[in-house]
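Got a few minutes to poke at a model together? Here's a round of quick questions and answers to go with it.

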Amino acid sequence: MIDNQPSKYAVSPPIDADVVVIGAGPAGMSAAIELATAGCRVIVVDMQPSPGGQIFRAVEANHAARPNTESLLAALGPAYAAGFELVERFRSTPGIDYRPETTVWELRADGTVGWLRDMSAGYLRASCVVLANGAMERPVPFPGWTLPGVLTAGAVQTLLKAGRLKPEGRIVLAGAGPLIMLLADQLRRLGVRPVLIARTDTFGDKFNALSKLRIAALPALGKGLGWIASLKMAGIPMLTGISNLRAHGVDVVESVSIDVGGKNMTVPCDMLVVHDGVIPSTDLAHGAGLAMEWLHGDSSWRPKTSSEGLAEAAPGPALTSGPCRIFVSGDARGIGGADAAMAHGRHVAASIIRDLGKSISTKHGSAAKALSIAMAGRPFIDAAFPPGLAGRLPEDDTIVCRCEELDAGTLRKAIREGARDMNLVRGILRCGMGPCQGRHCSITLARLLAEEGVTDRPHLPFRARPPLRPIPLGALANLSGLDPELAHIVSLDDKPKASMEDDAHE
C-alpha cells in the first residue's frame with residue numbers, strides 16, 4: 001500500500017475531515033477507531049449525549065455509578081457490559097473528533113452533512129461519510145396502539161438503561177423476535193414479573209428454520225434457549241401463535257385481548273410492551289438520494305450497497321453530481337446485531353482506508369470473516385421469528401399516521417379514489433407530514449397500496465427533502481460552512497432582460 005496516493009474521493013470545497021461518521025453505536029465506533037488509527041481525520045456526529053447507540057446506551061454512566069447500578073448491570077447481562085470496553089477504546093483513540101447531541105438534518109451523496117446542535121447549525125464536508133444510524137423497531141398499527149401505556153420493547157430498554165427506571169404493575173409483552181425474550185429475562189432479573197408473554201411465532205416456525213441453522217449460530221441459539229428456560233422456571237406464563245392483538249382502555253391501557261388456539265382471551269394490564277422485529281433506519285439514506293430496495297418478505301426498505309457498504313445513488317434528479325461518497329454500515333444497512341455491526345464497521349473502514357491510500361492493520365479478509373461469523377445466525381432468526389403483528393394489515397378504524405391521526409380506512413379510500421402513489425396520498429391527506437416525517441407510517445402505507453393492487457411502480461418511501469429533522473429558523477438563518485455554489489442566489493438583476501422584439505403580445 002502506497003501512502004499519499006490521490007484519493008478518488010477528493011472534493012471541493014475543502015473538506016473538514018477525511019471521514020464523517022454518523023452515529024456512535026457499535027458500527028460507528030468501530031469504524032471510527034479503525035479510521036483514526038490509520039491516520040484519518042474523523043468527525044463523529046451523534047444524536048445521543050454519550051457513545052453506545054441503542055444497545056450500549058448509557059453504558060459509561062451505568063458503570064460510573066457502581067455499586068448503585070450493580071443489579072442493573074447484572075440484569076442487562078454481559079453483552080451490554082462488553083460495550084463498555086468498546087466505548088473506552090473509542091474515547092481513548094486519538095484523532096476522533098466526537099460531537100454528541102448533534103442532529104443530522106441534511107445529508108448529500110457528495111459527502112456533505114448538515115448538522116444541528118442547540119441553536120448552532122452548519123455543514124461539514126468529508127471525502128466520504130459512514131452512515132451508521134442504526135435500526136428502528138418495525139411500526140405495527142393495531143387497535144389501541146396509541147393508548148398511553150403501550151410501549152415498544154426498545155423504549156422500555158431505553159428507560160432501563162438511560163433512566164434506570166423499572167416498569168411496575170401488570171405487564172404484558174407481545175410480539176416476536178429475540179428482543180422480547182431478552183427483555184423479559186432482564187425484567188425477571190430485576191424482580192419485575194410479566195403477567196404474560198404472548199408470542200406470535202410458533203413451533204412450526206422453529207422447525208422450518210432448522211434448515212437454515214449453521215454451526216456458527218449455535219451460541220446465539222443457546223443464549224435464546226437459556227432465556228426461555230429461565231422464564232419458564234420462573235413460572236412466567238408464555239403463549240405462542242397468538243394473533244389479533246388489541247389494547248383496550250379509555251385514558252390509558254387497561255387490558256389486552258388476543259386470539260390463541262381458536263379462542264379469544266382478555267388479560268388485564270397496566271403496560272403493554274410490543275415488538276415485531278427491527279428494520280434499518282432509512283430516513284437519512286433516503287434523504288441523501290440513495291437507491292432503496294423494498295424487501296417484500298420483511299416489509300421494509302434498505303439502502304442498496306456493495307458488500308463494503310458503498311451506497312448507490314438513486315436514478316433521477318439529485319442535489320449533487322459526481323460519485324456517491326456514502327458508505328452504510330451496521331444495522332442501517334441490514335439487521336445483524338451488535339457483533340455484526342462492529343465487524344461491518346471495521347470492514348467499511350478497511351475499504352475507505354484503502355481508497356484513501358493509507359496503511360491499515362485490519363485486512364479486508366479478517367473483517368469480512370468476522371462479519372460472516374456474526375451474521376451466521378441471521379437466516380435462522382429471520383425464519384424462526386417472522387413478522388407476526390405485521391402479518392395482517394390494520395382494520396379501517398385503526399390509526400396508521402399518528403402525527404396526523406389518519407386511520408387505515410381514510411388511506412384506503414384515498415387510494416381507491418385514485419391516489420396510486422405514496423407522495424400523492426401525502427399531498428392529499430398530509431400522511432407522513434408530521435414530526436416523524438413518515439418514519440412510522442410509510443411502511444404501512446406502502447403495504448396498503450400493494451393491498452389495493454398498486455403494482456405498476458416500485459415501492460419507494462415518501463419523497464424526502466431537507467430538513468430531515470426539525471431545525472430552528474434562527475439556526476437556519478446563521479448556517480456556517482455554506483457551499484458558495486449551492487448557496488448562490490440569482491437575483492432579478494442577474495436575469496437576462498427581455499427586448500421589445502421578444503414581446504409576443506400585440
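Q: Are W105 and Y123 buried or exposed?
A: Keep in mind that this is a predicted model. Buried here takes under 20% relative accessible area. W105 falls in that class, and Y123 does too, so by that cut-off the word for both is buried.

Q: What kind of aromatic pair do W105 and Y123 form?
A: The ring centres of W105 and Y123 sit 5.5 Å apart, with 50° between the planes. Stacked needs planes under 30 degrees apart and edge-to-face needs over 60, so this pair is neither. That makes it tilted.

Q: How many residues apart are W105 and Y123?
A: W105 belongs to strand β4 (residues 103–107), while Y123 belongs to strand β6 (residues 120–131). The pair therefore links distant parts of the chain, and the separation is 18 residues.

Q: Which class does the aromatic pair of F90 and Y98 fall into?
A: F90 and Y98 are both buried. Their centres are 5.3 Å apart, and the planes make an angle of 80°. Over 60 degrees is the cut-off that matters here, so the pair counts as edge-to-face.

Q: How far apart in sequence are the parts tied together by D283 and R439?
A: The side chains of D283 and R439 meet in a salt bridge at 3.5 Å, N to O. D283 is buried at 17% relative accessible area, whereas R439 is partly exposed at 22%. D283 lies in helix α9 (residues 283–287) and R439 in the loop between α14 (422–429) and α15 (442–451), so the parts they tie together are separated in sequence by 156 residues.

Q: Which helix holds both D382 and R378?
A: These two side chains, D382 and R378, also form a salt bridge, at 3.1 Å from N to O. D382 is partly exposed, with 43% relative accessible area. The two residues are 4 apart, about one turn of the helix, and that helix is α12 (residues 378–384).

Q: Which are the edge strands of the open sheet β12-β13-β14?
A: The sheet has 3 strands with antiparallel pairing. β13 (residues 253–260) pairs with β14 over 6 bridges. An edge strand pairs on one side only, which gives β12 (243–249) and β14 (263–268).

Q: Is F203, in the nonpolar surface patch, buried or exposed?
A: F203 is found in helix α7 (residues 203–209) and makes a patch of about 390 Å² with F207 and L210. Its relative accessibility is 68%, and the cut-off is over 50%, so F203 is exposed.

Note on methods. Residues are numbered from 1 along each chain as its sequence is written. This is a predicted model: local features need pLDDT of at least 70, side-chain atom pairs count only at pLDDT 80 or more; totals for chains, interfaces and linings use all residues. Side-chain values use heavy atoms; hydrogens and water are left out. Patches are made of residues with over 30% relative accessible area and no salt bridge: like charges are joined within 9 Å, nonpolar side chains (Val, Leu, Ile, Met, Phe, Trp, Tyr) within 5 Å. Accessible areas come from the Shrake-Rupley method with a 1.4 Å probe; for residues, only the protein chains shown count as cover. A salt bridge is a side-chain nitrogen of Lys or Arg within 4 Å of a carboxyl oxygen of Asp or Glu. Buried means under 20% relative accessible area, exposed over 50%, partly exposed in between (1.4 Å probe, protein chains only). Two strands pair if DSSP finds at least two bridges between them. Rings of Phe, Tyr and Trp (its six-membered ring) pair if their centres lie within 6.5 Å; planes under 30 degrees apart count as stacked, over 60 as edge-to-face and the rest as tilted.
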